[in-house]
Amino acid sequence: MASALGHARLFIGEDATETQLKTFGPESQFIHIATHGYFRQDNPMFSSIRLGNSLLSLFDIYQLRLNAELVTLSGCGTGMNVVIGGDELIGLVRGLLYAGAQTLMVSLWEVHDRSTAEFMKDFYTSYGNLRNKAAALRAAILKLREENRHPYYWAAFALVGKFY
């Protein structure tokens, strides 16, 4: 996937830290975080994503300053929210939009590793050709659906924000 994004910086495992995100995130057009997401329905401010050896909580995400065209969280359940008083949705999505992301791609449930990797590769390849996030999402879904008919494999990902 990194090759589909051109001049990508790739941080893997313990090198994929909050410090790296804070350092390179503000100048990055695309941010792809392939990690575990943890949604806390009892207290969504403690929802988090794993980076390196730590957890980046929703509170921490509110402190980020991003200007990314697209932030992808390809881990399990990263698009989950809870409705609190005043019909407010609280979750990682809200935090990343607040931090400045224009568009998010998030998962709505636990995802399958192999099909997610195929899906992401197809999405970024299609986006490179089409330059339209919604069209690239559709193309990746249609391709993955040919091999995996069950929606569990291809319907987990959603775009939030600016689609074009």
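User: What is the bridge partner of Gly 37 in β3?
Analyst: In this predicted model, Gly 37 has Ile 49 as its bridge partner in β3.

User: What makes β2 and β3 a pair?
Analyst: Two strands pair if there are at least two bridges between them. Here 2 bridges join β2 to β3 (residues 48–51), so the requirement for a pair is met. The two strands run antiparallel.

User: Why are β2 and β4 called edge strands?
Analyst: Happy to explain! The open sheet has 3 strands in the order β2-β3-β4, with antiparallel pairing. β2 (37–38) and β4 (54–57) each pair on one side only, and they are the edge strands.

User: How many cavities of 30 Å³ or more does the structure hold?
Analyst: There is 1 cavity of 30 Å³ or more. About 40 Å³ of space lies in the largest cavity. The elements giving two or more residues to its lining are β1 (30–33) and β5 (70–73).

User: What makes the lining of that cavity nonpolar or polar?
Analyst: Among the residues lining the largest cavity are Leu 21, Ile 31, Val 71 and Leu 96. Leu, Ile and Val count as nonpolar, and the lining has 10 nonpolar, no polar and no charged residues. The lining is therefore nonpolar by class.

User: And which classes line the second largest pocket?
Analyst: That lining has 6 nonpolar, 6 polar and 1 charged residues. Ala 34, Thr 35, Ser 74, Asp 113 and Thr 116 lie nearest the pocket's centre. Helix α4 (residues 113–130) gives the largest share of the lining, 4 residues. About 240 Å³ of space lies in this pocket.

Terms used
Residues are numbered from 1 along each chain as its sequence is written. This is a predicted model: local features need pLDDT of at least 70, side-chain atom pairs count only at pLDDT 80 or more; totals for chains, interfaces and linings use all residues. Side-chain values use heavy atoms; hydrogens and water are left out. On a 1 Å grid over the protein atoms alone, a cavity is a set of points where a 1.4 Å probe fits but cannot get out, and a pocket is an open set with protein on both sides within 12 Å along at least five of seven lines; lining residues have an atom within 4 Å of a point. Grid points are joined across faces, edges and corners, and a volume is the space filled by probe spheres set on the points.
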